[in-house]
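Student: I would like to go through this structure term by term. Please set each value against its definition.

Tutor: Good. Have the structure open.

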Amino acid sequence: MSTSRMAGLALVAALAAAISGGAAAKPHRPPSPAPPPPADPAVVAAALRDKALDDSTAYGVVESLTTEVGQRLAGTPAAARAKDWALAKLTALGFSNVHAEPFAITAWIRGAESAEVTAPYPQTLVIIGLGASPPTPPEGIEAEIALFHSYADLLAAPPGSLTGKIAVVTQPMTRTQDGAGYGAATRFRRRGPVEAARRGAVAYLVRSISTSTSRSPHTGKVDYVADIPKIPAAALGVADAELLDRMVARGKPVRIRLALASTETPGAPAWNVSGDIVGSEKPDEAIVIGGHLDSWDPGQGAIDDATGVAITTAAAKLIGDLPRHPRRTIRVVMFGSEEMDYSGRSYADAHKADAARLVALSESDSGPGPIWNLQLPRGAAAATALKPLASLLAPLKVILADQPAQFAGADFGELQLEAGVPVFSFTPDTSLYFDVHHSADDTLDKVGRSDLNQSVAAWAALIYLLADSDVDLRALAKASPAAAPRP
Ligand SMILES: [Zn+2]
């Protein structure tokens, strides 16, 4: 046997000892009631991290969900199949307390959709209706357009200036690593229809909130408000928005006909699916993580958000496979209606009473990674138990941010804000994410196994340290001065 092979076996034995919670018992030692001393959590976390990099669980979850269910817009029969898939998957992966928590939504279902320029240069346009948009009359709406090259220009338009017109905003989205471009642009879609209606518009078209030049349009939800007419709204393919820019530049009035046939069903069923890796000493204290199970309807919901479901499920499953579970519970929740903004409210309503026992929250909802940044809860960087993090994350090229986390993800927003549960936040590289997000191109082939596993490794290292500690994040937050510099 070569020395390098012996060294390799010694390393394997050391890792096995670390993962199994201590050194193997000596052969002739008398039985003792005292359990073996627990392994150094940092050693276990490092072993978990390294195992995650070569583990097939996360990719298997994404592949399974996108193949066996596919799109799963909340309120569709596919969403009910996704709920059954989630219950079976969590059970098969060894989770405990697996169950679905039902709630009611108004289901918005897409119908036939079309748009065309009728004058002066008749052409078909590629569009997709936006979530919550009302239908047009069956014959559609035909009107002259008022085109704005920026959202700020729409906001600057005076009241009444868009009466009878279809408002069009063609401002492009900026590509960024941290998602800031989406943060800036999402209002063009979410709030544009209300701002256009306030000024008299009869319908609204927005250039897809996309960093791609693909003609596939990107959908997403509109935030209508009670006192402003709900006008039909759709997203244009990027090339179609640029076509309208060129037509308008020629100076003649441009007319468009838009037809949308969506329906709404109040009281439709939806579910959040939950499963636990039960803590070995403090099972009532839970770190709650997850992703959203629902998706938009044109694609397969691969990067949004099968990957978030997969990353958090795989990280928890790897920890669940340890012979000794960490002291606290790790809970994975697959949320059933993030895209239409229902599951955060329903989860907070169902769990506000338990909030004091929730250690920390975080949702994965920005794609398969790689992760490049971690924001801890305020004050948590001072915790002795979390000190190994910087070293653990270094080989993954994940920065430990100086600034504390502000946001745990949309499905934890209400619980975070209303019950004050601490939050942490991993930031994946989103440079490519918004090329396909909410479009027909959100398919399995966009998911890279190594990026996905790098994300699982980072999540597993952090949540293991947190779960195997007794760190009081609320006390640390209170004791933390705002934005203390880190050495
Ligand atoms: Zn999402």
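Student: What makes the radius of gyration of this chain agree with a compact globule?

Tutor: The radius is taken over C-alpha atoms, and the globule rule is 2.2 Å times the number of residues to the power 0.38. For 487 residues that gives a value near 23 Å; the chain has 25 Å, so the two agree. Its C-alpha atoms fill a box of roughly 95 × 50 × 45 Å along the principal axes.

Student: What kind of model is this, and how are residues numbered?

Tutor: The model is predicted: local features need pLDDT of at least 70, side-chain atom pairs count only at pLDDT 80 or more, and totals for chains, interfaces and linings use all residues. Numbering starts from 1 along each chain as its sequence is written.

Student: Where is the predictor's confidence lowest and highest among the elements?

Tutor: pLDDT is that confidence per residue, from 0 to 100. Helix α1 (residues 3-19) has the lowest mean, 41, and strand β7 (residues 203-207) the highest, 99. Helices (H or I, at least four residues) and strands (E, at least two) are DSSP runs, numbered from the N terminus. The chain averages 93, and 91% of the residues score at least 70. Over residues 1-27, pLDDT stays under 50.

Student: How are the domains divided?

Tutor: An automatic or database assignment sets the bounds. Domain 1 is 41-107 + 266-473, and domain 2 is 121-253. Their centres, over C-alpha atoms, are 33 Å apart. The contact between them takes 18 residues from domain 1 and 19 from domain 2. Here, contact means C-beta atoms, placed from the backbone, within 7 Å. On the domain 1 side, helix α13 (residues 433-436) gives the most, three residues.

Student: What share of the chain counts as buried?

Tutor: Buried residues make up 51% of the 487. A residue is buried if 20 or more other C-beta atoms, placed from the backbone, lie within 10 Å of its own.

Student: Why is the largest nonpolar core said to lie between the domains?

Tutor: A nonpolar core is a set of buried Ala, Val, Leu, Ile, Met, Phe, Trp, Tyr and Cys residues joined through C-beta atoms within 7 Å. The largest has 145 residues; A315, I319, A458, A460, A461 and I463 touch the most other members. Helix α14 (residues 449-467) supplies the largest share, 13 residues. Domain 1 and domain 2 both give residues to this core, so it lies between them.

Student: Which residues does A461 contact, leaving aside neighbours within four places in sequence?

Tutor: A461 contacts A45, L48, R49, L392 and L393.

Key: Two residues are in contact if their C-beta atoms, placed from the backbone, lie within 7 Å. A residue is buried if 20 or more other C-beta atoms lie within 10 Å of its own, exposed if 12 or fewer, and partly exposed in between; C-beta atoms are placed from the backbone.
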